[in-house]
Amino acid sequence: MRPIGTATRGTTNPNRLRRMDRWIAAVHGPALRRADAPVAVDLGYGAAPWTAVELLQRLRTVEPRTTVVGVEIDPERVAAALPYEREGLAFVHGGFEIPLPRCPDLIRAANVLRQYDEAEVAAVWQRLCARLAPGGLLVEGTCDEIGRRHVWVALGPEGPRTVTFATRLGSLDRPSDLAERLPKALIHRNVPGEPVHAFLRDFDRAWAAAAPYASLGARQRWITAVRALSADWPLTDGPRRWRQGEVTVKWDALRPEQQTDNR
């Protein structure tokens, strides 16, 4: 079967996805432990296999039986990655069809759909979610080149669940700086009248109000701002994740206005 999708630029760097991986390990670790033989896919890992290698290391801290498969649509990238194969780590040629003999428990697609049209996102989400094992998770989002700022959507077989904003707090001027890393489904919606714009506006206001806490460090300012934000927005996490420079909000609160089903 010919791979579904198109080759992306393939830029990658070591540790670029560490914030996303850290969140996956914390949130999805219990589901991996419940799986008989957990399989995770690094979809579109790029010109070098660093992100797949790191995903294996990080997931095995929570479930040592985890296997990671890097899937790339560019056959030359697959060939370049093969020397890095080892027990629990493999690389295959493929795309959104996820050419594995069994449904994976996790699909991570970072910085892939950003290079597609917004109109293509729903169909890709639906295709990938249909490939998940029961209880599986799709994490799709975007980050900057060195992993300081991330935004990702978490989806289950039923569709999108949450949106997570994550940042290295020492580099943050204001929360709306994360807008440049919104995933494709949301990046063009950061305009007045759209929920994601209202969320980032309120986050900036809460951040400004929390300025006195900056003397205690950026982490305390972030926690204070997020706690204030939780009064009006349906956050799904708490201080333990906030301390990591994260905040997660329900997808339905940020769903683009004219869309009733973005699966």
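**Exercise 1. Cavities**

How many cavities of 30 Å³ or more does a search of the whole structure find? Describe the volume and lining of each in this predicted model.

*Solution.*

Step 1. The search of the whole structure returns two cavities of at least that volume, 30 Å³.

Step 2. Take the largest cavity. Its space comes to about 140 Å³. The lining is made up of 16 residues, and those nearest the centre are Thr11, Gly44, Tyr45, Ala110 and Asn111. Sorted by class, the lining of the largest cavity holds nine polar, five nonpolar and two charged residues.

Step 3. Take the second largest cavity. Its volume is about 110 Å³. Here 14 residues form the lining, with Thr6, Gly44, Ile73, Val112 and Tyr116 nearest the centre. The classes in the lining of the second largest cavity are seven nonpolar, six polar and one charged.

Step 4. Look for Gly44 in the two lists. Gly44 is among the residues nearest the centre of the largest cavity, and Gly44 is also among those nearest the centre of the second largest cavity.

**Exercise 2. Cysteines and disulfides**

State how many disulfides the structure holds, and explain the result from the sulfur positions of Cys103 and Cys129.

*Solution.*

Step 1. The number of disulfides is zero.

Step 2. Start from Cys103. The closest cysteine sulfur to its own belongs to Cys129 and lies 12 Å away, so a bond is ruled out by distance. The cut-off for a disulfide is a sulfur pair within 2.5 Å.

Step 3. Start from Cys129. The closest cysteine sulfur is that of Cys103, again at 12 Å, which is too far for a bond.

Step 4. Add the surroundings. Cys103 is partly exposed at 29% relative accessible area, whereas Cys129 is buried at 3%.

**Exercise 3. A salt bridge between distant parts of the sequence**

Which parts of the structure are tied together by the pair Arg22 and Glu246? Give the distance and the exposure of each partner as well.

*Solution.*

Step 1. The side chains of Arg22 and Glu246 form a salt bridge with an N to O distance of 4.0 Å.

Step 2. Arg22 belongs to helix α1 (residues 18–34) and Glu246 to strand β8 (residues 246–250), so the salt bridge joins parts that lie 224 residues apart in sequence.

Step 3. Arg22 has a relative accessibility of 32% and is therefore partly exposed. Glu246 has 0% and is therefore buried.

**Exercise 4. Further salt bridges**

Give the total count of salt bridges. Then state whether the partners in the pairs Glu158 with Arg161 and Glu194 with Arg189 are buried or partly exposed.

*Solution.*

Step 1. The count is 22 salt bridges.

Step 2. In the pair Glu158 and Arg161, the closest N and O atoms are 2.7 Å apart. Glu158 is partly exposed at 43% relative accessibility, and Arg161 is partly exposed at 36%.

Step 3. In the pair Glu194 and Arg189, the closest N and O atoms are 3.5 Å apart. Glu194 is buried at 11% relative accessibility. Arg189 is buried as well, with a relative accessible area of 11%. Both classes follow from the cut-off, because buried means under 20%.

**Exercise 5. A network**

Which residues are linked with Asp21 in a network of salt bridges?

*Solution.*

The network of salt bridges links Asp21 with Asp42, Glu54, Arg58 and Arg108.

How values were computed. Residues numbered from 1 in each chain as written. Predicted model: local features only at pLDDT ≥ 70, side-chain atom pairs only at ≥ 80, totals over all residues. Heavy atoms only, no water. Buried < 20%, exposed > 50% of the residue type's maximum accessible area, 1.4 Å probe, protein only. 1 Å grid on protein atoms, 1.4 Å probe; cavity = no way out; pocket = protein on both sides within 12 Å on 5 of 7 lines; lining within 4 Å. Points joined across faces, edges and corners; volume = space filled by probe spheres on them. Nonpolar A, V, L, I, M, F, W, Y, C, P; charged D, E, K, R; others polar. Helix = DSSP H or I, 4+ residues; strand = E, 2+ residues; numbered from the N terminus.
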